[in-house]
Amino acid sequence: MSRWLLGRTVQAGGTFIVAVVLMFFVMRLSPGDPLARVVGERQISEAEYRQLQKRFGLDQPLAAQFGAFVSGIVRGDLGTSISHAPSSVNSLIRARLPASLLLGGTVLLINFTLGILIGVWQAVHRGERLDRWLSFLSLTGYALPSFWLGLVLAWIFGVHWHILPPAGMDSPAMAPDAPWLARSVDVLRHLILPAATLSIVTIAATIRYQRTAMIDALGQEYVRSARAKGLSVREVVWRHAWRNALFPVLTLFGLWLPLFVTGSVFVEAVFGWPGLGALTADAIGGRDYPLIMGTSILVSASVVAGTWFSDVLHMLLDPRVRLG
Amino acid sequence: MRAHLALATAATWLTVGCAPERPANTSIVIPTGVLATSPVPTLTRGRSQNTRLAELMFLRLAELSPALVTAGDDGFVPALAQSWERRDSVTLAFQLDSRAKWHDGVPVTAADVLFTFERARDPAINAELATVLSSITEVSAEGDGTVVFRFDRSFPEQLYTATYHVQPLPAHLLANLPPDSIAGSPYMEAPVGNGPYRFDQRVPGQRLTLLANEDFFLGRPGIERVVFLLAGDADARLNLLLSGEVDVLQSVAAVDVPRIEAEPSLRVIAMPGYTVGYLLFNQRDPADLDQPHPILADRRVRQAIIHALDRKAMVRAVYHDYAEVPQGPVALPHWIRDTAKSGVPYDPAQAKTLLRQAGWRENDNGWQRDGEPLTLSLNYPTTSRGRSQFAQLIQEQLRQVGITLELVGLDGPIWFERRGQRNFDIDFSAAGMDPSPSGMQQSWTCAAIGGSNVGNYCNPAVDSLLESAIYGKGNGLATWQAALETIEYDAPAAFIYSPPAIFGINRRLGNVELVPYGYWLDLWRWTVHDGAAPDATD
């Protein structure tokens, strides 16, 4: 088992390194001048342009830039952002990560509690009217573009009814000495709309995966045996069927783990949520090489870690994986 | 079950019904697409967010008066300097206001001004600024309160040159730092200034807060706390204003104005801006920059394109009544602009005549010369909503006279890269300018080819006129006008629009004055009327 785990870990590490190196070169070879944002609409001279290139190391050959990048990684220094200079990439990521973790974590929590509960309920009550309605509603949510839904919710609850803030993570006008509870409630109020938007457009996948796996499990011999033994419905469903219907959902969880880190570009933008998704989109739009690399490393790491995590969970829960 | 219901009700009340109250003090919130990173003037000429914020914390020696005339010594009002005197044609002396203090309580002295100009004139720190200040030969102090500037020659914008580009920095905090280490110093994170607002805190990725400088020597600011809130998306910023979460929205799109006007608690203020949008004609062949452009090198073709464009109608379509067609490369607030001049008229018949004179023949497939069609491409950044709209209208108007225009919408950095490489037929540019018209030299003179003059336009007569206008050899305004008329005749570009800066403002704010070259310069004079009835007369 430890050999299997070691093999998987080495494979994940290799994938991560290849992805990061590829991203470095593909990004620099793609068209676009990273100084566009810095210059903006000012008319600048050739001398100032050269000075800016030198300041951000863009006048160096590609190999030298790669060397500086690798040496920075070794030191734990991802460099200075071009668009946000003089802020370091490390500080920008540190500042944005908590917001992404809060939003992504909330959405994952909603998806993998409510989604599983609904999926299991629908499997048990397959074919009933409410099952059909829930399938219709969840798939409708899945089909909605997140930015559109976000704009609509922000307008209805934020602008029209004034009951929830339409953007931001907290109220900037709140008194600096406001008590902790008031601040927490304030953040919670700001979290509701982006979390609801992301949950509505993503929960259908969890529900469908869980429902299908559960229907399959409920038809298995061991479940029929459990029923025949006279166990209660709750015991049959949750103790016998659900444990075996969990694997596909675990795979999905691994694939969605990056959401925990990056949030969603569109939803963060529409709600002015100060997370990594919006920062990454901004970095890509401005060709901010150091910042793109910083966020890409984080995304790659979370994708690789998510896959590794679901593999390991599978192995722990299903002996066929480690014995096969 | 009841317990669950009660819990759910309580949670809902807490989160939905428990909106936080604004603090009792006078606090305002301004959303911004990009948060200032180092609002320190002079040493860094970075993004406009830094510059604008710096104007709340650092004073210039003098500010432009509302007429915005940059020539001569009369069009200025005191700021850090309480007065100035002209000693001779190349010498200006400023008397600093003895009441001025840095936010840490240390008095502002001539040493601060000397230190700042020493750094500002160092090309290794800021090449662009050093060039702008190159006409200053010496800055010296007479005691703690007087600063004397000497210039290399006599010219009308000496006072502007000495005051506009440089805001003094505290020598007692920075003089001991090596020039190349200031950018990474803690000072840049929490700058100490001398203006109406002092730095409070910056929450990266979220907000930056300034507090009123209660000891500000020109008067106590009416607003105690100014919060710049990061909201990258334009729709999110608009929603924040409409919901009352923020008080001021800058850069409002003309299309959003009706939504703001429909909200009784808000009002709209439009102000002329120092930006000009124009179609820049490449006079060199993008495939071989040593060769003239096969189509656009001919002035008659460029003039024909301008005649074919109904610029007034286009400006009305995109900006409604807020923008105007500029006279040459001059924005609406520029003092050299002659409002009586309407520029090149919309005249499709004249456009066709000019094309015929240039050897083009019209047939069912449009214009052709030597078997080659009159087809051009227009590069524009898709990140600019205004230019994207204009591009569609321009394509249609040129189609009506038989000119084929291919639209090439590009991501901002790619558009910028191609512009720098001169890789375009026509480039949809937008130039943000200083209040001084002398900046025209950067883009429209022969010497600027290879730098900002990416269209490769060169007319020695224009160079000479601009030189005369800037250095006061001719008849001031008349010389400027002659230069503008020559540029319009040469048609190196089709000058399309000079857009306004549109603001959405909550009516609880009073005494609101916005300055075209520094939006927040007068913010310290604003007032807040919490709980007061909306002021319909504002």
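Of the 324 residues of chain A, 41% count as buried. I begin with that figure for the chain, and I should say at once that this is a predicted model. The secondary structure of chain A comprises 15 helices and 0 strands. Along the principal axes, its C-alpha atoms fill a box of roughly 85 × 60 × 40 Å. If we take the contacts in chain A between residues at least 6 apart in sequence, 75% of them join residues at least 24 apart.

Let me turn to one helix of this chain, H13(A), which spans residues 276–285. How many of its 10 residues are buried? The number is 7, so H13(A) is largely enclosed by the rest of the structure. Those buried residues are A:Leu276, A:Gly277, A:Ala278, A:Leu279, A:Thr280, A:Asp282 and A:Ala283. After the helix comes A:Arg287, which has a positive phi, near 50°.

One partner of H13(A) is helix H5(A), residues 89–124. In general, two packed helices are described by the angle between their axes and the distance between the axes. Here the axes come within 8 Å and cross at roughly 135°; the two helices are therefore oblique to each other. From H5(A), the residues that meet H13(A) are A:Leu92, A:Ile93, A:Arg96, A:Leu97 and A:Ser100. On the side of H13(A), they meet A:Leu276, A:Gly277 and A:Leu279. By class, the residues of this contact divide into 5 nonpolar, 2 polar and 1 charged.

A second site in chain A is the loop between helices H7 and H8, where A:Gly168 is found. Is A:Gly168 buried or exposed? It counts as buried, because it has 26 C-beta neighbours inside 10 Å, and 20 or more suffice for that label. Setting aside neighbours within four places in sequence, A:Gly168 is in contact with A:His190 and A:Gly272, and also with B:Leu229, B:Ala231, B:Leu240 and B:Glu245 of chain B. The C-alpha atom of A:Gly168 is also separated by 9.1 Å from that of A:Glu268, although their positions lie 100 residues apart along the chain.

This brings us to the interface. In total, 54 residues of chain B are in contact with 59 residues of chain A. Among the elements of chain B that each supply at least two residues to its side are helix H1, strand S10, helix H8 and strand S21. Which element gives the largest share? That is H14(B), with 6 residues. The residues on the side of chain B divide into 22 nonpolar, 23 polar and 9 charged.

Next, the core. In soluble globular proteins, nonpolar side chains tend to be buried together. The largest nonpolar core in this model has 222 residues, and those touching the most other members are A:Met214, B:Leu279, B:Ile305 and B:Ala494. Helix H8 of chain A, residues 180–218, gives the most to this core, with 14 residues. As for B:Ile305, residues up to four places away in sequence not counted, it touches B:Leu398, B:Ile403 and B:Ala494.

I close with helix H12(B), residues 348–357, in which B:Ala351, B:Leu354 and B:Leu355 are buried. These residues cover an arc of only 100° around the axis, which puts them on the same side of H12(B). The elements covering them include helix H10 and strand S17 of chain B. Just after H12(B), B:Gly359 takes a positive phi of about 95°.

Notes:
Residues are numbered from 1 along each chain as its sequence is written. Chains are lettered from A and ligands numbered from 1 in the order in which they are written. This is a predicted model: local features need pLDDT of at least 70, side-chain atom pairs count only at pLDDT 80 or more; totals for chains, interfaces and linings use all residues. Two residues are in contact if their C-beta atoms, placed from the backbone, lie within 7 Å. Helices (H or I, at least four residues) and strands (E, at least two) are DSSP runs, numbered from the N terminus. Ala, Val, Leu, Ile, Met, Phe, Trp, Tyr, Cys and Pro count as nonpolar, Asp, Glu, Lys and Arg as charged, and the others, Gly among them, as polar. A residue is buried if 20 or more other C-beta atoms lie within 10 Å of its own, exposed if 12 or fewer, and partly exposed in between; C-beta atoms are placed from the backbone. The arc is that of the directions from the helix axis to the C-beta atoms. A nonpolar core is a set of buried Ala, Val, Leu, Ile, Met, Phe, Trp, Tyr and Cys residues joined through C-beta atoms within 7 Å. Axes are lines fitted to C-alpha atoms, for helices over the stretch in contact, and angles run from 0 to 180 degrees between N-to-C directions. Angles under 35 degrees count as roughly parallel, over 145 as roughly antiparallel, 65 to 115 as roughly perpendicular and the rest as oblique.
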